[in-house]
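Open the model in your viewer and keep the sequence panel beside it. The stops below say what to select next and what is there.

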Amino acid sequence: MKILIIEDEERLARSIAKGFSTENFTVDLAFDGEEGQRLARTNEYDCIILDLMLPKISGLNILRTLRAHNILTPVIILTARGAVEDKIEGLEIGADDYIAKPFSFDELLARVKALVRRASLQPKFLQVGDLKLNPKDFTVIRNNKPINLSRTEFRILEFLLLHRNTILSESRIIEYVWNDDRNINSNVIAAHIKNLRRKIDKAFPDSKPLIKTVRGLGYKISDDEA
């Protein structure tokens with residue numbers, strides 16, 4: 001497995017790289033945002049570990065650029081900026097996980113392995129009825145028409161499709177999309193589900209509604225009538 005570490009604290013970056021190398025990872029290092037963005041856009045990696053406070057180009061701007069170019073390599077933000085607002089912003093832009101410094105290397109290793117494993121198990125596309133989602137290129141199509149979703153909406157829809165016809169509780173959705181962030185509540189999920197319904201169901205009045213609320217239990221996606 002090959003990872004990219006973008007971290008301007010050179011001593012820390014080399015320490016992390018040494019740890020991953022002992023676990024048989026191939027590691028590339030970048031000590032500023034410009035070099036990190038260049039490597040991330042020109043090479044294929046199984047995971048990117050990204051600091052936010054970088055010289056030349058910030059970590060958030062790197063992440064925005066990667067996602068704008070449909071580079072969906074799993075990204076773990078590793079930073080001293082541990083405020084809830086920073087965490088939410090990073091996840092909304094497209095990060096897959098977020099670890100605040102100081103951190104445990106064993107935890108970082110476990111999270112990288114989990115992200116790589118999850119990415120490797122992704123099917124080519126997920127489908128229910130005439131709705132298709134491609135996890136590789138971040139596209140959603142219904143009735144042969146593309147649908148534009150935010151990163152968070154895409155992740156929620158992806159989770160629903162991975163468990164089609166299954167009722168998913170709010171806590172399971174939070175765990176998958178926001179990594180069990182306790183600051184995410186029912187209102188946040190309801191708002192995203194409302195947006196998904198508007199884009200996926202209401203925008204296609206000639207097709208069956210797919211996203212369903214099961215009162216008191218959660219949400220599911222299905223092309224059944226019930």
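**First stop: a sheet and its hairpins**

Select Leu126 and look across to β7, where its bridge partner is Leu133. Before going further, note that this is a predicted model. Next select Val128, which stands opposite Leu131 in β7. The two strands involved, β6 and β7, run antiparallel and are joined by three bridges. β7 covers residues 131–134.

Now go to the turn of this hairpin. Two residues lie between β6 and β7, and Gly129 takes a positive phi near 60°.

Continue from β7 to β8, residues 139–142. Four bridges join these two strands, which again run antiparallel. To see one facing pair, select Lys132 and Ile141: Lys132 stands opposite Ile141 in β8. The hairpin of β7 and β8 has four residues between its strands. Select Phe138 in that turn; its phi is positive, about 65°.

Show the whole sheet now. Which order do its strands have? The order is β6-β7-β8-β9, in an open sheet of four strands with antiparallel pairing. Colour β6 (126–128) and β9 (145–146) to mark the edges. Each of these has a single partner strand, so one side of each is left without a neighbour in the sheet. While the side chains are on display, keep a general rule in mind: in a regular strand they alternate between the two faces of the sheet.

**Second stop: helix α4**

Select residues 84–93, which form helix α4, and pick out Glu89 within the helix. Is Glu89 buried, partly exposed or exposed? Its relative accessibility is 31%, so Glu89 counts as partly exposed. Add Leu60 and Arg64 to the selection: leaving aside neighbours within four places in sequence, these are the residues in contact with Glu89. Leu60 is 29 residues away from Glu89 along the chain, yet their C-alpha atoms are separated by 8.5 Å.

**Third stop: loops with unusual backbone**

As background, most residues other than glycine have a negative phi, and most peptide bonds are trans. The next selections depart from that.

Start with Lys101 and Pro102. A cis peptide bond joins them, with omega about -5°. Pro102 sits in the loop between β5 (97–100) and α5 (105–120).

Then move to Asn24, in the loop between α1 (10–22) and β2 (26–30). Asn24 is not a glycine, but its phi is positive, about 70°. With a relative accessibility of 68%, Asn24 counts as exposed.

Go on to Asn165, which lies in the loop between α6 (151–162) and α7 (170–178). Here too a residue other than glycine has a positive phi, in this case near 70°. Asn165 has a relative accessible area of 38% and is partly exposed.

**Fourth stop: a buried loop residue**

Select Thr73, found in the loop between α3 (59–68) and β4 (75–79). Its relative accessible area is 14%; because the cut-off for buried is under 20%, Thr73 is buried. What does Thr73 touch, not counting residues up to four places away in sequence? Show Tyr45, Asp46, Cys47 and Ile48, then add Arg67 and Asp96: Thr73 touches each of these.

**Last stop: the whole protein**

Clear the selection and zoom out. The protein has eight helices and eleven strands. Along its principal axes, the C-alpha trace spans about 60 × 35 × 30 Å. The radius of gyration is 18 Å; a compact globule of 226 residues would have one near 17 Å, which agrees.

Turn on the surface. Its accessible area comes to about 11500 Å², and 48% of this belongs to carbon and sulfur atoms. Buried residues make up 46% of the 226 residues. Of the contacts between residues at least 6 apart in sequence, 57% join residues at least 24 apart.

Finally, colour by charge. There are 35 positive and 33 negative side chains, and the centres of the two sets lie 5 Å apart.

Key. Residues are numbered from 1 along each chain as its sequence is written. This is a predicted model: local features need pLDDT of at least 70, side-chain atom pairs count only at pLDDT 80 or more; totals for chains, interfaces and linings use all residues. Side-chain values use heavy atoms; hydrogens and water are left out. The radius of gyration is taken over C-alpha atoms; the globule rule is 2.2 Å times the number of residues to the power 0.38. Buried means under 20% relative accessible area, exposed over 50%, partly exposed in between (1.4 Å probe, protein chains only). Contact means heavy atoms within 4.5 Å. Accessible areas come from the Shrake-Rupley method with a 1.4 Å probe; for residues, only the protein chains shown count as cover. Lys and Arg count as positive and Asp and Glu as negative; His and the chain ends are not counted. The place of a charge is taken as NZ of Lys, CZ of Arg, CG of Asp or CD of Glu. Two strands pair if DSSP finds at least two bridges between them.
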